[in-house]
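Please look over the structure below before reading on. The briefing that follows covers one helix and a few loop positions.

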Amino acid sequence: MNIEQLRSGVNQALSAQLNQYCANISEIDEQLVPIANSLKEYLSEGKRFRPIFVLIGYLGAHGNINDQVFAAASSLEFLQASALIHDDLMDGSDTRRGKPAMHKQFGDAAAILIGDLALVWDDQALHGSGLQSPAVNEIHDVMRTELMAGQFLDVYEQTQKSLSVERSLKIARFKSGKYSIERPLHYGAALASPHNLDTFYSIYSEYGLPLGEALQLRDDLLGVYGDPSETGKPAGDDLREGKRTALIAFAHDRGNQATKKLIEEKLGTEDISGL
């Protein structure tokens with residue numbers, strides 16, 4: 001199977017899940033219909049990056065893809081949605097994928113609950129696939145724990161007086177690198193359940209960790225220099241929000257005194273001229 005076929009399978013599984021979940025929650029009260037529809041629309045777009053790595057990990061571990069596997073893989077789209085909705089709120093971002101961020105549409109409290117709902121649906125998608133096992137559950141739980149840890153470290157970093165390349169790289173690893181590529185590959189391997197699962201974990205980590213970190217570092221660059229028409233968010237948001245990314249830490253670490261002073265004065269302000 002090629003990437004487009006994998007993406008198509010994920011889209012079909014995700015569409016069926018969303019139709020079911022939205023119908024279920026909308027039965028509770030008609031006031032929940034806009035919330036359900038907003039999350040459905042939010043998840044209607046995307047490259048399906050993480051589910052595709054799940055499927056690659058599954059195929060690499062000699063699994064035979066079927067509808068159940070697509071359903072289990074699509075669960076990570078709900079996890080990603082939860083992370084992005086909460087991240088946008090914490091960062092005060094106005095837009096996501098070229099549209100108003102969820103907290104801009106419904107308010108902060110509602111955005112927190114919508115993000116929580118997406119996390120619940122992540123579990124529901126895995127449960128509904130029928131492919132739970134101790135190994136699958138363990139990787140799924142570890143992946144989510146690492147993501148939340150990375151998010152906390154990112155928030156905590158903004159309170160620190162100093163910039164640190166080491167701390168920023170650690171955040172990049174746990175906030176994005178691990179749950180973007182390494183853990184989805186592990187998740188796919190666990191779904192395939194080969195007899196030498198630990199061997200696949202080791203191989204996938206060697207490949208997935210550096211690639212996942214590169215993905216986050218590239219995202220840091222796009223956060224400063226990206227074209228808003230392509231990224232879906234304003235250029236320079238990371239600077240205005242005072243994000244202590246690896247890019248900023250590297251610039252501060254290698255800059256002269258004038259550069260260090262400029263970063264310290266401008267980072268986290270509306271006036272980012274000169275950065």
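How many of the 25 residues of α4 are buried? In this predicted model, 22 of them are buried, so that α4 counts as mostly covered under a cut-off for burial of under 20% relative accessible area. Two loop residues, His62 and Ser193, are exposed instead.

**Helix α4**

- The helix α4 runs over residues 67–91 and holds 25 residues.
- From its first C-alpha to its last, α4 reaches 37 Å, which is close to the 36 Å expected at 1.5 Å a residue.

**The two ends of α4**

- Asn66 lies at the start of α4, where one of its side-chain oxygens comes to within 3.0 Å of the backbone nitrogen of Gln68.
- Gly92 follows just after α4 and has a positive phi of about 70°.

**Positive phi in residues other than glycine**

- His62 has a phi near 70°, a positive value, although His62 is not a glycine.
- The loop between α3 (49–60) and α4 is where His62 is found.
- His62 counts as exposed because its relative accessibility is 65%, and exposed means over 50%.
- Ser193 also has a positive phi, near 55°, and is likewise a residue other than glycine.
- Ser193 sits in the loop between α8 (165–192) and α9 (197–225).
- With a relative accessibility of 55%, Ser193 counts as exposed too.

Key
Residues numbered from 1 in each chain as written. Predicted model: local features only at pLDDT ≥ 70, side-chain atom pairs only at ≥ 80, totals over all residues. Heavy atoms only, no water. Helix = DSSP H or I, 4+ residues; strand = E, 2+ residues; numbered from the N terminus. Expected span 1.5 Å × (residues − 1). Buried < 20%, exposed > 50% of the residue type's maximum accessible area, 1.4 Å probe, protein only. Polar contact = N/O pair within 3.5 Å; in protein donor to acceptor, adjacent residues only side chain to side chain.
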